[in-house]
Structures are given as structure tokens and as C-alpha cells.
Amino acid sequence: RPSASSRRSPHSGRFPGAVSSDTSGMPGCPIEEAPPRRDPFGAVIRRGLPRRIGRGDGPEKSKISALAAQYQLPGLILIPEKQRDQVPAYLSAADVAIIPLKNLDLFRGALPSKMFDAWACELPVILSVDGEARRTLESANGGLFIPPEDPARLAEALLQLKNDPAAARQMGLNGRGYTVNNFSRQAQAEKLAQILLSIISD
């Protein structure tokens with residue numbers, strides 16, 4: 001089994017202080033092994049505003065690209081959709097993951113899989129999805145909830161994590177532990193086995 005140092009992501013530290021926002025739905029770090037090691041909240045974020053990385057080819061990408069050009073945002077990096085085996089490296093290059101959805105009743109029952117992708121890579125999550133996703137986030141103590149479509153609160157949450165990297169790191173660790181214990185293949189297989197046994201016993 002490789003050592004922790006040899007498991008380090010080739011992209012780790014490439015985007016210090018980066019914020020990841022993913023719309024592709026691709027998987028995060030494998031939860032059966034340790035995630036790539038990271039250097040949380042590096043030089044860029046310590047100098048000022050965090051760099052934001054958008055990954056994937058979601059429906060809002062063209063609008064985001066146009067806004068970035070309009071407002072001349074040098075800290076915004078848009079990365080095209082990546083192959084499955086490349087995703088953990090990019091997630092692990094970030095310090096926090098943002099999972100935003102619109103303020104619709106439809107999303108109250110949603111549980112975005114990208115939340116677990118981020119947690120598998122030990123990233124704290126800033127979540128703007130109320131309902132089941134929020135309950136899961138708070139059960140895991142794996143990040144911060146903000147109201148949907150509230151840019152001011154999003155900025156406050158980013159600054160909160162920037163100013164308290166130890167707490168942010170702990171949220172990421174909490175999220176990974178919660179994911180391993182509840183959503184790993186082994187955990188899911190055990191839950192399925194219990195359901196099947198209960199059906200048989202009835």
C-alpha cells in the first residue's frame with residue numbers, strides 16, 4: 001500500500017486557496033483509501049480573496065464565462081469536464097467546495113452526490129440546499145449551510161472558513177468520516193443485507 005506522501009495528488013497545491021464548484025456530478029476521492037494530502041488555505045487565500053475554480057460543463061457555464069469576462073475576474077478559473085480518474089486530483093487541489101442550488105421546493109428532497117465527492121477528499125462544504133441535504137450536512141458537521149441564492153451569505157461563509165482554517169480542516173475530516181461510515185460500498189452493502197434479512201425473516 002503506498003505511503004501517504006506517495007498518494008499525494010499531482011495537483012495538490014497547484015491552486016492554493018482555491019474554491020471548487022462542480023456541476024458535472026463526477027465522483028470525488030475514493031473512500032476506500034486515504035485521499036491525496038493537501039496544503040489547506042495556501043498563499044493566494046492568505047493574501048486576499050480566494051481563487052475560485054469551476055469544473056465541469058453544467059448548464060450555467062456559458063453564463064459564468066460571460067460574467068467573468070464582463071467583470072474581469074482573474075481569480076476565476078473554469079476547467080472543462082474531466083475524466084473520472086482525474087477528478088480526485090482537482091477536488092484535492094481546493095480548500096472548500098460550494099454546492100449551490102436555486103431556491104426551489106423541488107430541491108428540498110435532493111441529496112447532491114457531489115457533497116459526498118467533496119467529503120471523500122476531506123473538503124468542507126458550503127451548501128445552499130435546504131431540506132435533506134442540509135440535515136445530512138449538519139449531521140456530519142461537515143461544513144456550513146447558507147440560504148439559497150444569497151451571495152452576501154456565501155461571501156461571509158467563505159471568509160469564515162478562510163479565517164479559521166483549523167475549523168475548516170476539521171469539517172472536511174468530519175465529512176470524510178461520515179461518508180466512509182455511511183456511504184462507502186461496504187456500509188451500503190451492510191445496510192442492504194440488513195434490509196434483505198429483515199424481509200426474509202418476515
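1. In this predicted model, Arg135 and Ser139 are exposed on one side of helix 5. The buried residues of this helix, which spans residues 132-140, are Ala133, Thr136, Leu137 and Ala140. These four lie on the same side of helix 5 because the arc they cover around the axis is only 100°. Arg135 and Ser139 are on the other side.

2. The buried residues of helix 5 pack against two helices and two strands: helix 4 (113-120), helix 7 (165-183), strand 5 (125-128) and strand 6 (143-145). After helix 5 comes Asn141, which has a positive phi, near 50°.

3. Strand 5 is buried on both of its faces: Val125 and Leu127 point one way, Ile126 and Ser128 the other way, and all are buried.

4. Strand 4 (residues 94-100) runs parallel to strand 5, and four bridges join them. Within this pairing, Leu127 of strand 5 is the bridge partner of Ile99. The connection from strand 4 to strand 5 passes through helix 4, and this β-α-β crossover is right-handed.

5. Strand 5 also pairs with strand 6, again in the parallel sense, over three bridges. Here Gly143 in strand 6 stands opposite Val125. The chain reaches strand 6 from strand 5 by way of helix 5, in a β-α-β crossover that is right-handed.

6. Taken together, helix 5 is the connection between strand 5 and strand 6, and its buried residues pack against both of these strands. Val125 is the residue of strand 5 that stands opposite Gly143, and Val125 points the way Leu127 does.

Definitions and conventions. Residues numbered from 1 in each chain as written. Predicted model: local features only at pLDDT ≥ 70, side-chain atom pairs only at ≥ 80, totals over all residues. Heavy atoms only, no water. Buried < 20%, exposed > 50% of the residue type's maximum accessible area, 1.4 Å probe, protein only. Arc of directions from axis to C-beta. Contact = heavy atoms within 4.5 Å. Pairing = 2+ DSSP bridges. Right-handed = clockwise from strand over helix to strand, strands pointing away.
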